[in-house]
Amino acid sequence: TRVLAGRGFSVDAVDPAELDPAVAALPAVTHWRATAQDFLKSPRGVYDLLVNDMKMDAAASAAVTAGCAGLLAPAGLAVMTFKLRPKKWTAQIREGLAVLSGPFEVAAVKQLFHNRSEVTVALRRR
């Protein structure tokens with residue numbers, strides 16, 4: 001949220017927890033204190049970018065992201081992180097990607113060097 005707002009984006013941050021006070025005070029940030037699932041019950045607009053960094057099972061997190069696809073503009077992009085459990089990483093990644101394959105085209109999957117237990121996925125809305 002901080003990085004996106006700092007780069008000139010208006011950010012709707014959906015998080016059931018409090019945001020860091022310095023981030024919450026940024027003029028480009030609106031905090032919706034809710035789960036993503038509750039936020040989806042009454043959407044508030046169309047977005048150019050969706051970012052999901054939720055700490056949950058990869059397939060479950062992918063299902064939430066897939067549910068948000070209708071909130072994206074026609075050329076909308078999504079970036080999400082799969083939080084991987086210690087074993088069977090490939091299976092977890094395949095399961096998450098299978099969930100995303102309906103509403104999204106997968107543009108890239110990358111394991112970032114600094115965090116070996118996560119995979120970042122870049123998506124384009126179909």
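Modeller: In this predicted model, a residue counts as buried when its relative accessible area is under 20%, as exposed when that area is over 50%, and as partly exposed in between. R124, at 39% relative accessibility, therefore counts as partly exposed.

Biologist: How many salt bridges does the count come to?

Modeller: The general idea is that side chains of opposite charge can pair when their charged atoms come close. In this structure, the count comes to six salt bridges, and one of them joins the side chains of K41 and D38, with 3.1 Å from N to O. K41 counts as exposed because its relative accessibility is 67%, whereas D38, at 39%, counts as partly exposed.

Biologist: Which parts does the pair of D57 and R85 tie together?

Modeller: The side chains of D57 and R85 meet in a salt bridge of 2.3 Å, taken from N to O. D57 lies in the loop between β3 (47–52) and α4 (58–68), while R85 lies in the loop between β4 (72–83) and α5 (89–100), so the pair ties together parts that are 28 residues apart in sequence. Both partners are partly exposed, D57 at 31% relative accessibility and R85 with a relative accessible area of 44%.

Biologist: In which strands do E105 and R124 lie?

Modeller: E105 and R124 meet through their side chains in a salt bridge, at 3.1 Å from N to O. E105 belongs to strand β5 (residues 104–110) and R124 to strand β6 (residues 118–125), so this pair ties together parts that are 19 residues apart in sequence. Salt bridges can also share partners, and in this way D53, K83 and E118 are joined into one network.

Biologist: Turning to the helix α5, how far apart are its end C-alpha atoms?

Modeller: The idea is to compare an expected span with the modelled one: at 1.5 Å a residue, the twelve residues of α5 should span 16 Å, and its end C-alpha atoms are 17 Å apart, which agrees.

Biologist: Which residues of α5 are buried, and which are exposed on the other side?

Modeller: Q92, I93, G96 and L100 are the buried ones in α5. Seen down the helix axis, the buried residues of α5 fall within an arc of 100 degrees, so they line one face of the helix. On the other side of α5, R94 and A98 are exposed.

Biologist: What covers the buried residues of α5?

Modeller: The elements that cover the buried residues of α5 include α4, together with the strands β4, β5 and β6.

Terms used: Residues numbered from 1 in each chain as written. Predicted model: local features only at pLDDT ≥ 70, side-chain atom pairs only at ≥ 80, totals over all residues. Heavy atoms only, no water. Salt bridge = Lys/Arg side-chain N within 4 Å of Asp/Glu carboxyl O. Buried < 20%, exposed > 50% of the residue type's maximum accessible area, 1.4 Å probe, protein only. Helix = DSSP H or I, 4+ residues; strand = E, 2+ residues; numbered from the N terminus. Expected span 1.5 Å × (residues − 1). Arc of directions from axis to C-beta. Contact = heavy atoms within 4.5 Å.
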